[in-house]
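Reader: Before I set up any calculation, I would like to go through this model with you, one question at a time. Could you take me through it?

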Amino acid sequence: MKKLFWVLICGVLLSACSQVPAATSLRRDITQVLTTQTAAWNRGDVAGFMQGYWQSDSLVFIGKRGLTYGWQPTLDNYKRNYPDAAAMGQLVFSNLRITPLGDEAAHVVGKWHLTRPKAGDLEGHFLLVFRRLNGQWVIVADHSS
């Protein structure tokens with residue numbers, strides 16, 4: 001009985017330890033998506049920024065103007081609202097909290113800030129839902145305010 005107890009304890013500990021690298025990898029990969037998006041935005045490249053999103057009609061973006069479904073309509077909204085580099089400004093994400101929801105999904109809560117010397121700064125908060133699809137982490141839902 002004592003031996004069985006120790007076998008079970010060791011199994012639980014090994015299982016917990018094996019999940020730590022997976023969560024670390026997940027957080028690193030999602031952080032890289034956000035870093036790549038930030039770099040694209042700060043170059044004035046809206047299409048490059050959108051590469052972090054799921055290219056599907058099922059993508060959902062929730063903003064102050066309501067719901068937008070689909071990758072292309074979301075891209076069109078970004079282009080309409082941020083027509084040039086001056087309007088886009090310089091993006092910074094902060095206060096990121098990445099929470100795994102299993103091996104294939106996670107959500108990210110954080111703050112965004114646009115520094116725009118001529119147009120005035122903007123900032124808000126967001127909740128992103130990420131999924132790993134075809135080996136890549138992509139945003140499948142974005143609620144930004």
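Author: Ser56 is a convenient place to begin, and in this predicted model Ser56 touches Gly70 and Trp71, leaving aside residues up to four places away in sequence.

Reader: Is Ser56 buried or exposed?

Author: Ser56 is found in the loop between α2 (46-49) and β1. The relative accessible area of Ser56 is 15%, and the cut-off for the buried class is under 20%. Ser56 therefore counts as buried.

Reader: In which order do the six strands of the open sheet lie?

Author: The pairing in this open sheet is mixed, and β1 (residues 60-63) pairs with β6 (residues 136-144) in the parallel sense over three bridges. The edge strands, each pairing on one side only, are β2 (66-69) and β3 (90-100). Read across the sheet, the order is β2-β1-β6-β5-β4-β3.

Reader: Which element gives the most to the lining of the largest pocket?

Author: The largest pocket holds about 710 Å³ of space, and 29 residues line it, with Phe61, Tyr78, Tyr82, Trp112 and Ser144 nearest its centre. Among the elements that give two or more residues to this lining are α1 (2-42), β4 (105-115) and β5 (122-133). The most, five residues, comes from α3.

Reader: How many charged residues does the lining of the second largest pocket have?

Author: The second largest pocket, with about 190 Å³ of space, is lined by residues that include Val33, Gln51, Trp54 and Asn134. Its lining divides into six nonpolar and four polar residues, and the number of charged residues is none.

Technical notes
Residues numbered from 1 in each chain as written. Predicted model: local features only at pLDDT ≥ 70, side-chain atom pairs only at ≥ 80, totals over all residues. Heavy atoms only, no water. Pairing = 2+ DSSP bridges. Helix = DSSP H or I, 4+ residues; strand = E, 2+ residues; numbered from the N terminus. Buried < 20%, exposed > 50% of the residue type's maximum accessible area, 1.4 Å probe, protein only. Contact = heavy atoms within 4.5 Å. 1 Å grid on protein atoms, 1.4 Å probe; cavity = no way out; pocket = protein on both sides within 12 Å on 5 of 7 lines; lining within 4 Å. Points joined across faces, edges and corners; volume = space filled by probe spheres on them. Nonpolar A, V, L, I, M, F, W, Y, C, P; charged D, E, K, R; others polar.
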